[in-house]
Amino acid sequence: MRIALGCDHGGLELKNIIIKHLEDKGIETKDFGTDTAESCDYPDYAIKVAEEVAAKKFDFGILVCGTGIGISIAANKVPGVRAALCSDTFSAHATRQHNDANILAFGARVIGPGLALDIVDTFLNAEFEGGRHQTRIDKITAIEKKYSK
C-alpha cells in the first residue's frame, strides 16, 4: 500500500505523527509537504496529493490542515478524488464502505493524535462494498464529467 500525504502549517505536526505511524506498520509513504511551520496555503498541498491519488500513483491520500475543511474542499476539485473529512472512526469506516473515499482529511486543531491514528487505521482497513454504492459513485463521476472542462 502506498499513501501520499500533505498538509499546511496547521497540520504539520499531526502529519508527521501519521507518517511515523504508517512507516512503523511497513506502509510506504510519500510526503508532499509542507515541511515547515511557516504560514502557507493548503490548496498548494491538497492539489499535489489529489493529483497523485487521482492518477492512481498512490492507493490513498491523507491531508491535514487546521480544520480539515479547506484542504478537503481543495482536493475534491480534482476529478476522481473523493476526499472525506473525518473526525471519528464510524465516518472513516463508512466513507470507505459507501463512498469509496480515496483521501482522508483531518483537522489538526479539531482532533488529537491518538484519535487521528485510530481513524487512519479504520479508513485504511475498510473496503468499498460496491453494489448500490457503486451506482452512487457513478453518479458522482457523471457530475464531475459534466462540470469539468
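A residue counts as buried when its relative accessible area is under 20%, and as exposed when that area is over 50%. This cut-off serves several stops of the tour, which passes through a predicted model.

**The whole chain**

Begin with the entire protein in a cartoon view. Six helices and five strands make up its secondary structure. Followed from the N terminus, the elements come in the order β-α-β-α-β-α-β-α-β-α-α. The protein is as compact as a globular protein of its length, because its radius of gyration of 14 Å is close to the 15 Å that the globule rule gives for 149 residues. Along the principal axes, the C-alpha atoms fill a box of roughly 40 × 30 × 25 Å.

Next, display the contacts. Among those with a separation of 6 or more, 68% join residues 24 or more positions apart. A surface view may follow: the protein exposes about 7700 Å², and carbon and sulfur atoms supply 50% of this area. Of the 149 residues, 48% are buried. Colouring by charge brings up 18 positive and 21 negative charges, and the mean positions of the two sets are 9 Å apart.

**Glycine 6**

Select glycine 6, which belongs to strand β1, residues 2-7. Is glycine 6 buried or exposed? Its relative accessible area is 0%, so glycine 6 is buried. Now show what surrounds this residue. Beyond the residues up to four places away in sequence, glycine 6 touches Lys15, Gly33, Val49, Ile62, Leu63, Val64 and Ile71. For one of these partners, isoleucine 71, the C-alpha to C-alpha distance from glycine 6 is 9.2 Å, although 65 residues separate the two in sequence.

**The nonpolar cores**

In soluble globular proteins, nonpolar side chains tend to be buried together. Which residues have the most contacts inside the largest nonpolar core? They are Ile18, Leu22, Ile62 and Phe106, in a core of 25 residues. Two or more residues of this core come from each of β1, α1 (12-24), β3 (60-65), β5 (103-107) and α5 (113-125). Helix α5 gives the most, with six residues.

Centre the view on isoleucine 18. Apart from neighbours within four places in sequence, isoleucine 18 is in contact with Leu5, Ile62, Val64, Phe106, Leu117 and Val120. Then move to a second, separate core, which has 17 residues and includes Phe32, Phe58, Ala75 and Ala105.

**Backbone details in the loops**

Three places in the backbone remain to be visited.

- Select glycine 33 and threonine 34: the peptide bond from the former to the latter is cis, with omega near 0°. Threonine 34 is in the loop between β2 (28-31) and α2 (42-54).
- Select lysine 56, in the loop between α2 and β3. Lysine 56 is not a glycine, yet its phi is positive, at about 65°. With a relative accessible area of 72%, lysine 56 is exposed.
- Select aspartate 100, in the loop between α4 (89-99) and β5. Here too is a residue other than glycine with a positive phi, near 50°. Aspartate 100 is partly exposed, because its relative accessible area is 21%.

To end the tour, return to the full view and locate two residues together: glycine 6, which is buried, and lysine 56, which is exposed.

Methods
Residues numbered from 1 in each chain as written. Predicted model: local features only at pLDDT ≥ 70, side-chain atom pairs only at ≥ 80, totals over all residues. Heavy atoms only, no water. Helix = DSSP H or I, 4+ residues; strand = E, 2+ residues; numbered from the N terminus. Rg over C-alpha atoms; globule rule 2.2 N^0.38 Å. Buried < 20%, exposed > 50% of the residue type's maximum accessible area, 1.4 Å probe, protein only. Contact = heavy atoms within 4.5 Å. Areas by Shrake-Rupley, 256 points an atom, 1.4 Å probe, with all protein chains shown as cover. Lys, Arg positive; Asp, Glu negative; His and termini not counted. Charge placed at Lys NZ, Arg CZ, Asp CG, Glu CD. Core = buried A, V, L, I, M, F, W, Y, C linked by side-chain atoms within 4.5 Å.
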